[in-house]
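Hi,

Here is the structure I promised to pass on. Have a look at it first, and my notes follow underneath.

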Amino acid sequence: MNPITHAQLDWDDQGRPHSRVFDDVYFSDQSGLEETRYVFLEQNRLQARFAALPVGGRLVIGETGFGTGLNFLCTWQLFEQHAVAGARLHFVSVEKYPLSHADLQRALNLWPELAPFAAPLLAQYVAIHQGFQRLVLDNGRVTLTLLIGDVLEQLPQLDAQFDAWFLDGFAPAKNPEMWTAELFAELARLSAPGCTISTFTSTGWVRRLINAAGFKMKRTPGIGHKWEILRGEFLGWPSDTPTPAQPKPWFARPPAPQGERQALVIGGGLAGCATAASLAARGWQVSLLERHAALAQEASGNPQGVLYLKLSAHGTALSQLIVAGFGYTRRVLEHLHRGVDWDGCGVLQLAFDAKEAQRQAQLADAFAPDLLHLLDREQAQARAGIALEHGGLFFPEGGWVHPPALCEWQAHRPGVRVLTHHEVLDLRRVDGQWQAWDGEQLLASAAVVVLAGAAEVKRFAASAELPLKRIRGQITRLPHTTESQALATVVCAEGYVAPPRLGEHTLGASFDFTNEDLTPTAAEHADNLGLLNEISTDLARRLHADTLDPATLQGRAAFRCTSQDYLPIVGPLADSPAFTEAYASLRKDARSVPNIDCPWLDGLYINSGHGSRGLITAPLCGELLAAWLDDEPLPVPRSVAEACHPNRFAVRGLIRSNAAKP
């Protein structure tokens, strides 16, 4: 994994950006707006296509080279002018060297007429790190997914179908890697029938390579100093080329639900509220069922949770999910009240022993410094505002969140109806609808149900076999003191302590695999005070920890719900007995891929198993679930979606049964 760095720019006398890496301009010195509108919007017939979209319809546009975002903003402006209110725009763009926020703002200041669109983009342009980064704009009407990295590393991971392509890398002579047969084969793999394509270049070898990938390109008059440009259409995968590999049937997309777009989401914690918000943004009418009197009453109810990134230097599926999820959550938090609902004060992970120090050094080599960087002891103390025994790894965009505030904001999006005191004990499928029952009382029904009630999902037959486990955790609430208010950032070792919120620090959290009782105990408060001493004896002194009686401390306990491989469980559910029968050949040959459609339980989905990472993974997994349901571009790499898929356990079980035979 190579750390992605920001674009290196120079600015000319007119304030226009120029790439040092590619020695090329980002847009025409004549009129960047006119060129964008002519080359990309007009050649792809976008005005007419936007106007023709029905309510609930969408157009998916792909771009090679996000640059300053000029093409995206012009597209959004045209969409706003011509599409009906219920239509949606999906825009996916690859960028190896993203502009910094300051450079993006400076570049977009050149186009005052785009300011109504540039301002919300800039407000969401935070935590843009390597991999997939999703930005939701205009209350979900417009979705921008940035793929940060090399185009031939990012596009092969994408699961999507595009209606139009903008080829807008730097000129072929300056950046030949963006104009290769391998790239055009990826565009073809991702293109829907009739997908259009356009580019500012008319170079002959580029046209021939695109044609060879299954497109029909033709030269058309250019604009400004460009005599000719290229536009075309996807005719189909070339017959003389092997077809792209298809997803294994157990990871394929289920048929999209038909009929009224109504859904039940069971569970009003982070996963359920995020799922409800993502579905509602797509026009679904969502009933959010919560068994308690209010939302966020269990693990999502702590006063402060930490935006902590437990990463791997090896680019694992979990690590990719965490980087993507962290960025998405940070952007959602921009809608909340900073200082009360959340604070981006940074997170410091102390290098408390040699093994941890080695792990941190590997991470610092693997990721860009704007995501994480090492601090020595003096730097760490200056950042934290307290005395520390160690330096550590600092995440400048991290911080703490009040999870109930995030849940409330998500659950009160238009289209979500919250039903508290609704405990679903049974699900029944009747006439194409899922019915939620509490004993003899029918609570609600809809064609789609999402199970988001943490480990409680095991009460339902369809998800009873999923390997979810509960881990009890207890936090301690400590009143701040005059001296403890100096704590300026979240500090973590084996536990964590956050700067004060409304006069209290949150300290935690214990891990107990055996205790099923959620009554807070003095013993665990005492253990948490021990964690505080390990973090900072100075902070413990400032909080007068040695005078505190654990029996009188306030706190709360809740169950984290995690899977056996520590990845969340997100996606469509299959009929377990029918699945075992359909793919029984895996018992004999782990490599077999039977040509049998997966026996899906129509309309039944899950979003659970987020463990202690729910703040980072649950919101993005709400988007992932909505993408499964609406047949949209996935917001994470295909391999990550498969690593989170509920069917992974059934497949492993069948393969293991083969390996276990004598």
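Helix 3 and helix 5 are oblique to each other: the angle between them is about 120°, and anything from 65 to 115 degrees would have counted as roughly perpendicular. Before I go on, bear in mind that this is a predicted model. Helix 3 covers residues 70-82, helix 5 covers residues 115-124, and their axes lie 9 Å apart. The crossing of this pair is right-handed. On the helix 3 side the contact uses F72, L73, W76, Q77 and E80, and these meet F117, A118, P120 and L121 of helix 5. Sorted by class, that contact has 7 nonpolar residues, 1 polar and 1 charged.

There's a second helix pair to look at, helix 9 (residues 270-280) with helix 17 (residues 614-630). Their axes are 8 Å apart and the packing angle is about 40°, so helix 9 and helix 17 are oblique to each other too. Helix 9 passes helix 17 in a right-handed crossing. Helix 9 brings L270, A271, A274, T275, S278 and L279 to the contact, while helix 17 brings G614, L615, A618, P619, G622, E623, L625, A626 and L629. The class split for helix 9 with helix 17 is 10 nonpolar, 4 polar and 1 charged.

On annotation, an unreviewed UniProt entry gives "domain: FAD dependent oxidoreductase" for residues 264-628. Over that stretch the chain is 27% helix and 27% strand. The C-alpha atoms at the two ends of residues 264-628 are 16 Å apart.

I also looked at a couple of single residues. Is K216 buried or exposed? K216 counts as exposed, because its relative accessibility is 53% and the cut-off for exposed is over 50%. K216 sits in strand 10, which runs over residues 215-221. Setting aside neighbours within four places in sequence, K216 is in contact with N211, R231, G232, E233 and L235. From K216 to I322 is 106 residues in sequence and 40 Å in space, C-alpha to C-alpha.

The other one is A526, in helix 14 (residues 522-535). A526 has a relative accessible area of 35%, so A526 is partly exposed. A578 is 52 residues away from A526 along the chain, and their C-alpha atoms are separated by 50 Å.

Cheers

Note on methods: Residues are numbered from 1 along each chain as its sequence is written. This is a predicted model: local features need pLDDT of at least 70, side-chain atom pairs count only at pLDDT 80 or more; totals for chains, interfaces and linings use all residues. Side-chain values use heavy atoms; hydrogens and water are left out. UniProt positions are given in the numbering used here, feature names are shortened, and annotations may be inferred rather than shown by experiment. Helices (H or I, at least four residues) and strands (E, at least two) are DSSP runs, numbered from the N terminus. Axes are lines fitted to C-alpha atoms, for helices over the stretch in contact, and angles run from 0 to 180 degrees between N-to-C directions. Angles under 35 degrees count as roughly parallel, over 145 as roughly antiparallel, 65 to 115 as roughly perpendicular and the rest as oblique. A crossing is left-handed if the near helix is turned anticlockwise from the far one by less than a right angle, and right-handed if clockwise. Contact means heavy atoms within 4.5 Å. Ala, Val, Leu, Ile, Met, Phe, Trp, Tyr, Cys and Pro count as nonpolar, Asp, Glu, Lys and Arg as charged, and the others, Gly among them, as polar. Buried means under 20% relative accessible area, exposed over 50%, partly exposed in between (1.4 Å probe, protein chains only).
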